[in-house]
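Here is a set of exercises to work through with the coordinates open in your viewer. Try each task yourself before reading its solution.

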Amino acid sequence: MSPTNLSAAQPAVTARTFRAIGTTATVVVQDQSRADEAEHLLRDEISAIDRACSRFRSDSELAYLHANEGRAVPVSSLLFEALDVAYSVADRTQGAVDPTVGSAMAMLGYDRDFDLIESRPLHLADLGPVPGFRHLHLDRKRKTARIPRGVRLDLGSSAKALLADRAAAHIASELGSGALVSIGGDVAVAGESPTEGWAIGIAVDSAMGPGDADQVVAIRHGGLASSSTLVRTWAMGGEQAHHIVDPATGRSASTSWRLVSAAGASCVDANALSTASIVWGDQAVERLRPFDQAVRLLRHDGKLFTLGGWPEADRP
Amino acid sequence: MNSPRRSHSPETRQRARSHLRFLTRSAVLAATGATVAIGVVVAKEHPGASGSSTAPAAVPAAPTTASTTTTTTTAPPTTTTPSASPGSTAPTTTTLPPTTTTTLPPTTTTTLPVVTSGGTSR
């Protein structure tokens, strides 16, 4: 894909965008001559995390873990890290973002790449609370993972953010300059940032162009992630389903929020709160207060809530 | 049955007296030390408090506990208003700890964005 010169937007930054793992991946670097290298590095990172964590690939490590349910399975460092991150995120959010939603996702129809989802009858009686992340057993010393029989994992939420963090750090380190990586709108930055920071548009749909953003903010470190239930939706047995499952019910979360965006010391930290807020619904603002992170919540009726120093002013 | 009475020489009695004096002094010193130690602890735990209504605590007040966030955070770049809770949901009693790594919040910018963060439609 040819480089997109964003000199009109930010001096001396070059972006590459391509389709990957059912979404859009973007890498932005400050040195145009290193854009090819940055793209290759990002593609490598994506391939590695897909081989480790995909629940849609029969040859993934996660599929092997599922096939060996009930046993301690040696896993790669990458899958172990992804499982460890998923567990930590679930712990921090008191189970709101739980990796044991795999079976619930499948029952809701999200058992294949998003582009291939078809509407099927939905058996509501089969839906219920998910097993819970504490059923995931990780042995750090032996680098093994074990799930009880019947438990299926979905690492989509945290693994995508982890991918952004890992890729941004790797690219910045290899290139010796600043880099931004976005995986479907979950953004991580690393290395030296542009003078005004990395400008990021906030919009309900990450596919919207820069001019359609509700607000533009800049970050210099860490990550920024957004979650919405208005996109990545599908019809399932006459019901509208989406990809954020409430672990308490096993169904798509019913939420007050059109869009939640959060900043954090990493994209993982940011994604944890943006996703958890969707699940927390009306309680999100109160439950977010103990966290020292900036969050923007846009309610369905258009009312805007900001926490942790998120700048309030939207575009006029 | 009576135990046989033992006779003690003057030297033995002298050694016993010396030993007793030593034990007495040790006990007094230990009690004094414990009292001082307790005083120090109390003074630290309750700076400014005193067992006497007239004499202030002899030990300087311990510094107040430093906030874990003040060293790593700065004021938001733009004004923020504490947001009200949406709806009528009662506040929760969550005791979640804050993140261990503090980061600065985003800032507003007039620069055109390089990417958009939002829901993942494709």
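The exercises below concern a predicted model, and each comes with a worked solution.

**Exercise 1. Taking stock of the two chains**

Task: Find how many helices and strands there are in chain A and in chain B, and what share of the residues in each chain is buried.

Solution:
- Step 1. Begin with chain A, where there are 7 helices and 18 strands.
- Step 2. Turn to burial: 54% of the 316 residues in chain A are buried.
- Step 3. Look at the contacts in chain A between residues at least 6 apart in sequence; 60% of these join residues at least 24 apart.
- Step 4. Move on to chain B, which has 1 helix and 2 strands, arranged along the sequence as α-β-β.
- Step 5. Finish with burial in chain B, where 12% of the 122 residues count as buried.

**Exercise 2. A helix pair**

Task: Describe how helix α3 (residues 77-92) and helix α5 (residues 156-175) of chain A cross, and list which residues meet.

Solution:
- Step 1. Recall what is needed: two packed helices are described by the angle between their axes and the distance between the axes.
- Step 2. Apply this here: the axes of α3(A) and α5(A) come within 9 Å and cross at roughly 120 degrees.
- Step 3. Classify the angle. Since 65 to 115 degrees counts as roughly perpendicular and over 145 as roughly antiparallel, α3(A) is oblique to α5(A).
- Step 4. Add the handedness: α3(A) passes α5(A) in a right-handed crossing.
- Step 5. List the residues. From α3(A) come A:Ala82, A:Val85, A:Ala86 and A:Val89, and they meet A:Ser158, A:Ala159 and A:Leu162 of α5(A).
- Step 6. Sort them by character: the contact has 6 nonpolar residues, 1 polar and no charged.

**Exercise 3. One residue of α3(A)**

Task: Decide whether A:Glu81 is buried, partly exposed or exposed.

Solution:
- Step 1. Locate the residue: A:Glu81 is in helix α3 of chain A.
- Step 2. Count neighbours. There are 17 other C-beta atoms within 10 Å of A:Glu81.
- Step 3. Compare with the cut-offs. A buried residue needs 20 or more and an exposed one has 12 or fewer, so A:Glu81 is partly exposed.
- Step 4. For a sense of scale, select A:Leu259, 178 residues away along the chain; its C-alpha atom is 28 Å from that of A:Glu81.

**Exercise 4. The sheet beside α3(A)**

Task: Work out the strand order of the open sheet of 3 strands, and see what lies across β5 and β6 of chain A.

Solution:
- Step 1. Read the order, which is β4-β6-β5 in chain A with antiparallel pairing.
- Step 2. Identify the edges: β4 (73-74) and β5 (137-139) of chain A each pair on one side only.
- Step 3. Check one pair. β5(A) and β6(A) (residues 144-146) run antiparallel and are joined by 3 bridges, with A:Asp139 opposite A:Thr144.
- Step 4. Place the helix: α3(A) lies across both β5 and β6 of chain A, at about 130 degrees to β5(A).
- Step 5. Inspect the loop between β5 and β6 of chain A, where A:Lys143 is found. A:Lys143 is not a glycine, yet has a positive phi of about 55 degrees. Its 15 C-beta neighbours inside 10 Å make A:Lys143 partly exposed.

**Exercise 5. A sheet shared by two chains**

Task: Determine which strands form the open sheet of 4 strands.

Solution:
- Step 1. Follow the order β1(B)-β10(A)-β9(A)-β2(B), in which the pairing is mixed.
- Step 2. Find the edges, β1 (107-108) and β2 (115-119) of chain B, each pairing on one side only.
- Step 3. Examine the pair from chain A: β9 (residues 198-205) and β10 (residues 215-219) are antiparallel over 5 bridges, and A:Ile202 stands opposite A:Gln215.

**Exercise 6. An enclosed strand**

Task: Explain why strand β8 (residues 186-190) of chain A is largely enclosed by the rest of the structure.

Solution:
- Step 1. Check burial: 5 of the 5 residues of β8(A) are buried, so the strand is largely enclosed.
- Step 2. Split the residues by direction. A:Asp186, A:Ala188 and A:Ala190 point one way, while A:Val187 and A:Val189 point the other.
- Step 3. Find its partners. β7(A) (residues 179-183) runs antiparallel to β8(A) with 5 bridges, and β11(A) (residues 223-227) runs antiparallel to β8(A) with 2 bridges.

Conventions: Residues are numbered from 1 along each chain as its sequence is written. Chains are lettered from A and ligands numbered from 1 in the order in which they are written. This is a predicted model: local features need pLDDT of at least 70, side-chain atom pairs count only at pLDDT 80 or more; totals for chains, interfaces and linings use all residues. Axes are lines fitted to C-alpha atoms, for helices over the stretch in contact, and angles run from 0 to 180 degrees between N-to-C directions. Angles under 35 degrees count as roughly parallel, over 145 as roughly antiparallel, 65 to 115 as roughly perpendicular and the rest as oblique. A crossing is left-handed if the near helix is turned anticlockwise from the far one by less than a right angle, and right-handed if clockwise. Two residues are in contact if their C-beta atoms, placed from the backbone, lie within 7 Å. Ala, Val, Leu, Ile, Met, Phe, Trp, Tyr, Cys and Pro count as nonpolar, Asp, Glu, Lys and Arg as charged, and the others, Gly among them, as polar. Two strands pair if DSSP finds at least two bridges between them.
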